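Trainee: Before I use any of the usual structural terms in my notes, I would like to go through them with you and hear what each one rests on.

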Amino acid sequence: MNIEITDSPKEIDDEKIISETRKYNLQFAKKDVKLMSLYMRDSGGEIIAGLTGKTFWNWLHVEYLWVHKSQRGNKLGSQLIAAAENEAINRGCTGSTLDTFSFQAPDFYQKLGYSVVGTLADYSGEHQRYYLAKDLTKHSS
């Protein structure tokens with residue numbers, strides 16, 4: 001057997017790994033992954049802020065939160081997080097998780113009730129990655 005290393009994988013090969021991992025996981029928990037995307041648009045229909053994530057196994061996982069630089073400081077990010085958490089609660093979630101880098105927004109998330117549950121150092125030699133979680137049963141969004 002040989003190990004093949006590539007920086008241009010075939011989609012069918014990656015799908016094999018993903019599908020087999022998911023099949024294994026289904027032995028332990030039901031399949032209930034549901035995507036979640038929230039958008040805020042200006043009067044012309046352009047997206048000025050948004051959040052992407054998914055809910056599964058009673059958790060919300062926030063993948064990306066973005067606010068246009070001209071709109072930062074206007075609480076759009078807080079509104080998006082609150083809306084995502086409320087939708088997650090409606091879907092039966094009891095917790096939320098996300099990760100962020102030191103040059104992004106760890107303090108922002110902590111102000112919203114998230115706690116750092118882990119960190120990794122030395123990304124690009126100078127940045128930390130923060131893993132955060134929030135108990136949605138104890139915090140109001």
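Mentor: What follows takes the terms one at a time, beginning with the fold and moving on to side chains. Please keep in mind throughout that this is a predicted model.

Trainee: What makes up the secondary structure of the chain, and in which order do the elements run?

Mentor: The chain comes to three helices and six strands, and from the N terminus on these elements run α-β-β-β-α-β-α-β-β. The C-alpha atoms fill a box of roughly 55 × 40 × 35 Å along the principal axes, and of the 141 residues 24% count as buried.

Trainee: Why are β1 and β5 called the edge strands?

Mentor: The six strands form an open sheet in the order β1-β2-β3-β4-β6-β5, with mixed pairing. In that sheet β1 (34-41) and β5 (115-123) each pair on one side only, which is what the name edge strand refers to. Neighbouring strands of the sheet are turned by 20° against each other on average, with direction ignored.

Trainee: How do you know that β1 and β2 are paired?

Mentor: Two strands count as paired when there are at least two bridges between them. β1 and β2 (residues 47-56) are joined by eight bridges and run antiparallel, so the pairing follows from the rule of at least two bridges. One of the positions to look at is S37, whose bridge partner in β2 is T52.

Trainee: What is the bridge partner of T52 in β3, and in which sense do β2 and β3 pair?

Mentor: In β3 the bridge partner of T52 is Y64, and β2 pairs with β3 (residues 59-67) in the antiparallel sense over eight bridges. These two strands also form a hairpin with two residues between them, and W57 in the turn has a positive phi of about 50°.

Trainee: What makes the pairing of the sheet mixed rather than purely antiparallel?

Mentor: Look at β3 and β4, which are joined by three bridges and run parallel, whereas β2 and β3 pair in the antiparallel sense. In the parallel pair, W59 has G95 as its bridge partner in β4.

Trainee: Why is the contact between E20 and K23 called a salt bridge?

Mentor: The cut-off is 4 Å between a side-chain nitrogen of Lys or Arg and a carboxyl oxygen of Asp or Glu. For E20 and K23 the closest N and O atoms are 3.3 Å apart, so the pair meets the criterion of being within 4 Å. Both residues lie in helix α1 (residues 11-25), three residues apart, about one turn of the helix. K16, E20 and K23 are linked in a network of salt bridges, and by this rule the count comes to six salt bridges.

Trainee: How do you know that K54 and E63 qualify as well, and are these residues buried or exposed?

Mentor: Their closest N and O atoms are 3.3 Å apart, and the pair forms a salt bridge. As for accessibility, partly exposed is the class between under 20% and over 50%. K54 has 22% relative accessibility and therefore counts as partly exposed, and E63 is placed in that class because its relative accessible area is 33%.

Trainee: What makes T100 a buried residue?

Mentor: T100 has 2% relative accessibility and therefore counts as buried, the limit being under 20%. T100 has its place in strand β4 (residues 95-101), and its side chain makes a polar contact with the side chain of Q104 at 3.1 Å. Leaving aside neighbours within four places in sequence, T100 is in contact with A105, P106, Y109, Q128, R129, Y130 and L132.

Trainee: Why is the aromatic pair of F108 and Y109 described as edge-to-face?

Mentor: Ring centres must lie within 6.5 Å for a pair, and planes over 60 degrees apart count as edge-to-face. For F108 and Y109 the distance is 5.0 Å centre to centre, with 70° between the planes, so both conditions, within 6.5 Å and over 60 degrees, are met. F108 is partly exposed because its relative accessible area is 25%, whereas Y109, at 8% relative accessibility, counts as buried.

Trainee: How many aromatic pairs does the structure hold, and which residues form one aromatic cluster?

Mentor: The structure holds six aromatic pairs, and F101, F103 and Y123 form one aromatic cluster.

How values were computed. Residues numbered from 1 in each chain as written. Predicted model: local features only at pLDDT ≥ 70, side-chain atom pairs only at ≥ 80, totals over all residues. Heavy atoms only, no water. Helix = DSSP H or I, 4+ residues; strand = E, 2+ residues; numbered from the N terminus. Axes fitted to C-alpha atoms, helices over the stretch in contact; angles between N-to-C directions. Buried < 20%, exposed > 50% of the residue type's maximum accessible area, 1.4 Å probe, protein only. Polar contact = N/O pair within 3.5 Å; in protein donor to acceptor, adjacent residues only side chain to side chain. Contact = heavy atoms within 4.5 Å. Phe/Tyr/Trp six-rings, centres within 6.5 Å; stacked < 30°, edge-to-face > 60°.
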